[in-house]
Amino acid sequence: MSTVNATAPRTRREMTRLLENEALARLSRMRLQPVRRRTNRTHGEHLAGKGGVSTEFADYRDYVPGDDTRFVDWNIFFRLQRPYVKLFRLEEVMHVVIVIDSSSSMQFEDKLLRAQQLAAAFGVMGVMGMERVSIYVCGDSSSGSTSLSPCAGRVSMRRMFDFLEQEQSGGDCSFDQAIDKVLARHTGRGIAVLLSDFLTFGNIQRGFNMLYSAGLEAFAVQILGPSEISPELDGDVRLVDSESGASLDISSAGDLMGFYQEQRRAYESQLAAACRQRNGRFLSIGSHVPLREVLFDQLLRQGWMR
Amino acid sequence: MSWPGFLSWQYAWLALLAVPLIVFYFLKLRRPKVRIPSLMLWAQVIHDQRVNSPFQRFKRNLLLLLQLLLLMALVLAAMQLFWPLQEERGRYLTVLIDTSASMAARDSVSGRTRIELAKQSIGKLIDDLMADQKISLIAVTSTAQRLTDFTDNKRALRDALTQVRVQDVPSSLDDALRMTQAMSRSVRIDSVLLYTDGNLPERVDFELPFEVNYQQMGKAEPNLGITAFTARRAGAKAWQVFVGIDASAGTVSGAKVQLRQEGKVIAEDYTSVKGDASPRVMFTIDAESAINLEAALIPDGTDALDSDNVAYLQLPLPRPLRIYCPPEMEAFRHALGQLPDVEVHPSDGVNDTSGKYDLWIGNTQFPPDGLVAPVRLVVGVVPPPLEKIIQLTEGSAEVIDWHRSSPLLQYVQLTDVITTDQVVQAAGTADTDVEQLGFEILVHGRTGPLLVREVGQTYHAFHLLFHPERSTLVYRVGFPILVKNLVRAAQQTASLSEIGASQTGVLACHGLEPTTSYRVELPGGTAASAVTGSDGRLLGVAAPVVGAYTVSRNGEQVRTASASLLSAMETQLVAREELLFRETAVTAAVDTVAQDRPFWTKFAWCAFALLLLEWLYFHRRVDRATEAPSSRSSTRRTVKQTAVKMTGIFLAVLLANGLAGRIAIANDVAPDGKMERHGLRAEYDLTGSRQREDAPLLATWKVNWEKEYLLQGNFRIEFFKDRIKYQVYESDQYALTQGDRVVRMLLPATSGPQFWIRHWMHVVFVGNDREYDLGDFDVALPSDRHKCGLCRIASSANTIGASIEDEIARQMRFESFLEQDTTRQAASWIPNTVVTPWEFQDMPLSPFYYTPFDIVFLGSAAFRSASAKQVDILDQWVQAGGRLCLCLHDFCRSIRTPWRVNCWRQQGPNWSLPSKVGHFHLRIPPPGLHAEGSVASDLLS
């Protein structure tokens, strides 16, 4: 588990306390890989799903009258004596929306820190890929979310790190409430990186549906602490919710571990299915897993980035 | 296969406590709080149907399991689980312990004495005593002594068992069995346990009404012992001393016999013993004065018994026999003059009719005033008791038959003896009438008895109903032989010709001042006081051990008496495998006594262990699961919680102990279960009750009684609580005291909550215009349901308040004989008493039938109509420890009984009753309440 203190002052050799320089350098060379290329009309470096004018060849098609003859591939015409039109991909700007859950449940076992680190990693990949990166931190349900307005390019990196390194307070904001707050302020298509433990009593499906409707692919990362992955409880205990303060009496907790793991795995499957059905991605990690392993092993192997 | 049983099924309902236990466990379970990020997953977990299944809720719930086990252990303890090892379990068990001399013999296997083995077995029996069983311990020697009443108080039983000591006396079962039979009148006794070595008389003349379980102790080592120690006059200043030796079966050994005087060996011999032979060693010693001899046996090999290796004998001062024979009885004086070592008085014209004589021969009904003689021959006079049925008339009479085996008539030929005094027996009377009047006929004449012997007196008296000088007897050869036999009998009585060592049992000591109190020091160091009879014989001093007894008066030693075992049966260590009773025989049991094994104490301890385990587990969970308390407040909270839990555990243990204790006690108090309604009760034993110095004592006179008294009169009883006197009673009550302690007392009716309050009372007895302070006692009155409660205040046994019916039915049984007013009076003294009148003629003829009764009330009329035999039986019972309450009118004073002749002596308005048998220091008729009053006595002496 990382021992990074996000709020500690940076040294001169560091750009951020969240990421090591080596990882930062490697991340700056990597790009996010969305599933369905939801882009905006604004021209950019990101290839749009539809055809357009760019240097990136896409396909051929038969020439039909009215087509621009500039796009006829004359080499093919001379070889086959039939005109074919070259099609090119459209490179557009893609929005990268990073949503960080900073509720009280994320205050346990460095889950929030890991979320900040991942947000920094995704943000670096976004701004270095000239995408428009915006970050939203959702904690308290009564107040609004703090956010980083969309930014792009290397010049925005410092501002992004400063935003992420702010100390975040807890709250009881649920997942769907957080999505509501984000979508109330965000416009643009792209991907939504959701960094949360998703341990909320809210309607999970609704949040994913709203993201899908807004043209955002849900890249969900569930961050759980070791005590949530393998609780060490036994006997008769009274569990107290860190967010709502509600209590729940558990008898013979040791015997319920099997049921708990079943429920946890079922919930993970439910989250993964929700993401997959909406062209998204899902990954559940432990806060104790090293960041390097998460970034350059799990996320890379699962095609989250390239 | 036997199944465990329960003594108290009614406590099975306690198992229902498991339901609230489980409910409260889950409702009020103290759960450590654990703060987690979210309950979302756990909420889904507990909504799983499988989680909420009953089995899953109980699975591995160790705390609840411990609590259920604890409850189960308590329930089983309350139900008093036991493992039956007996086919039929009797509630009342009598244990007879042989404490005769042979029980001190060492067992050849274990090396321990038989009495130790018996006490070990009985100790196990007491340990396994069931709650509804009661044991009475009876020590068996030549007589019987009840050590405890029927009780389930193990402490009292163990104390009594500890105090059991071997007495150097032979054993006999008769008295013990009769005592048991008497006890069976009040309770049902099915079986009697007899622990003995089998050294008993072969045949016991007793018809067994119950089963006897004969537990025989082990075989003893070889034994040699002295069984006879006698001396015979061998000249004017010499004695021949004989020492008889016996041995146990199969013993072949030698032994040295020493004769010691004042600790110095004056003679010594060696003898050998083989099998059944009983050698006798003879010594001849010169004795010019009275000497104390001690015979000691020193066996060569092992010897099982020590008490029979020594014997004591006091040789009297040699002197001639003193005979008083009036001068007019010339035939007797002539015959006496021919005998050696005889001193006939009066002589030389001196007629001294006072003083001590060994033999008195006279022709008057009674000897002259001041003349004391242990052997008497009265001639020509009919004794007063026979005057109603025998008369002397003129005529001739002849001898028909005579008692030839009588010592007086040995070798006496009375054939053809004719007398001119005719003894005529009244018509319609028979010889049995003479015998009922206390006389044995030695010579039968044609018309009536000619020579009778008085029976039952402290002296030997012969009555020659005709005058020999008016018969042909003086001319017969038989006459000097008759006189010779008479002199021999007198010499034997005076120990001048032959003397033998006294056996243990009752101390034999003669020749003391008549009706004088003496102090007797026993060999063990204990002392007893005793009074001599009119013949100078010391009465009623037990001699349970072999040795020399010192008799002193006013601090000055006046005599040394001794007691020796001298029992061939005890020395031979006879071990009978079979005891023959009337119409039945009892064989020694092969197996030891199988006693039901109770488990409730084990379950109680198990419950306590579970309680501790549960407590430890409870704390272990809390310490681990809760977040570590770092602040001081957390530490205080933990300490506070621990204190609260410890208090709870303490209260639970108290409750468990109280419950168990009540079970054990309640059966002792109320076999019918009535006392169950009263719940927990306090046990109080005021034997050593404290005198509260801070109490506002009102009495001015402290009682200083030594023995036991029955007080009936005005009592003032003041009840206190927290030093506040809240009730005072002044009424006519009844109380039994031992020393200055009230043992039993009828408490007046009270009501209200004080029955549940442990308070104390101050008792003052009012009498003789004085107030006698009986002390302060903690009491807990038993019940408000009764008008009166008999409170047994102090005793060595369980002393628990009981209802009057239960207590009287169990503890005290009042019997009244014949007279209705006595019955009513007894009933008025003891309220709620059910008195069963007995006809006096139905009074038992054995003192042991009185054993179950603590007090016998006797009325005037009943007492007046009592026969000599009945009075004698009562006397024996009183001497054996029974208590007697006499309710007598003034006209009864003339009744002659040996133990109440001095009882009534009016001094002023009150009665002062010094008695020779009791301690009638107190006789206080309650003014205006009972005109007759009562007599209080302790007749334990």
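Q: Which residues make the nonpolar surface patch of about 330 Å²?
A: In this predicted model, the patch is made by L62(B), L65(B), L69(B) and M72(B). L62(B) belongs to helix 4 of chain B, which covers residues 62–79.

Q: Why is L62(B) called partly exposed?
A: The relative accessibility of L62(B) is 35%. Partly exposed covers the range between under 20%, which is buried, and over 50%, which is exposed, so L62(B) at 35% is partly exposed. A patch residue needs over 30% relative accessible area, and L62(B) has 35%.

Q: What makes E20(A) and R292(A) a salt bridge?
A: The closest N and O atoms of E20(A) and R292(A) are 3.5 Å apart. The cut-off is 4 Å, so the pair counts as a salt bridge. As general background, side chains of opposite charge can pair when their charged atoms come close.

Q: Where in the chain do E20(A) and R292(A) lie?
A: E20(A) is in the segment before helix 1 (21–28) of chain A, while R292(A) is in helix 9 (residues 291–301) of chain A. The pair links distant parts of the chain, 272 residues apart. E20(A), E22(A) and R292(A) are also linked in a network of salt bridges.

Q: How do you know whether E20(A) is buried or exposed?
A: E20(A) has 53% relative accessibility. Exposed means over 50%, so E20(A) counts as exposed. Its partner R292(A), with a relative accessible area of 38%, is partly exposed.

Q: What makes R319(B) and D358(B) a salt bridge?
A: Their closest N and O atoms are 2.7 Å apart, and the limit is 4 Å, so the pair counts. R319(B) sits in the loop between strand 15 (310–315) and strand 16 (321–324) of chain B. D358(B) sits in the loop between strand 18 (355–356) and strand 19 (359–362) of chain B, and the two residues are 39 residues apart.

Q: Why is D358(B) called buried, or why is it called exposed?
A: D358(B) has a relative accessible area of 7%. Buried means under 20%, so D358(B) is buried. R319(B), at 33% relative accessibility, counts as partly exposed.

Q: How many salt bridges does the structure hold over all chains?
A: There are 22 over all chains. One of the salt bridges joins R519(B) and E521(B), with the closest N and O atoms 4.0 Å apart. R519(B) is partly exposed at 45% relative accessible area, and E521(B) is partly exposed at 36%.

Q: Why is there no bond between the sulfurs of C138(A) and C173(A)?
A: The cysteine sulfur closest to that of C138(A) is in C173(A), 5.4 Å away. A disulfide needs the sulfur atoms within 2.5 Å, so this pair is too far apart for a bond. Over all chains, the disulfide count comes to zero.

Q: How do you know whether C138(A) is buried or exposed?
A: C138(A) has a relative accessible area of 3%. The buried range is under 20%, so C138(A) is buried. C509(B) is buried too, with a relative accessible area of 3%.

Q: Which residues have the most contacts inside the largest nonpolar core?
A: They are I98(A), I100(A), L118(A), F122(A), M160(A) and L195(A), in a core of 50 residues. Helix 3 (residues 111–128) of chain A gives the largest share of this core, twelve residues. A second, separate core of 49 residues includes V342(B), V375(B), L450(B) and L486(B). In soluble globular proteins, nonpolar side chains tend to be buried together.

Q: What does M160(A) touch, not counting residues up to four places away in sequence?
A: M160(A) touches A120(A), G123(A), V124(A), V127(A), V133(A), I135(A) and L148(A).

Q: Which residues of helix 5 of chain A are buried?
A: In helix 5 (residues 175–185), the buried residues are F175(A), D176(A), A178(A), I179(A), K181(A), V182(A) and L183(A). They pack against strand 3 (95–101), strand 4 (132–138), strand 6 (190–196), helix 6 (204–213) and strand 7 (216–224) of chain A.

Terms used
Residues are numbered from 1 along each chain as its sequence is written. Chains are lettered from A and ligands numbered from 1 in the order in which they are written. This is a predicted model: local features need pLDDT of at least 70, side-chain atom pairs count only at pLDDT 80 or more; totals for chains, interfaces and linings use all residues. Side-chain values use heavy atoms; hydrogens and water are left out. Buried means under 20% relative accessible area, exposed over 50%, partly exposed in between (1.4 Å probe, protein chains only). Helices (H or I, at least four residues) and strands (E, at least two) are DSSP runs, numbered from the N terminus. Contact means heavy atoms within 4.5 Å. A nonpolar core is a set of buried Ala, Val, Leu, Ile, Met, Phe, Trp, Tyr and Cys residues joined through side-chain atoms within 4.5 Å. Patches are made of residues with over 30% relative accessible area and no salt bridge: like charges are joined within 9 Å, nonpolar side chains (Val, Leu, Ile, Met, Phe, Trp, Tyr) within 5 Å. Accessible areas come from the Shrake-Rupley method with a 1.4 Å probe; for residues, only the protein chains shown count as cover. A salt bridge is a side-chain nitrogen of Lys or Arg within 4 Å of a carboxyl oxygen of Asp or Glu.
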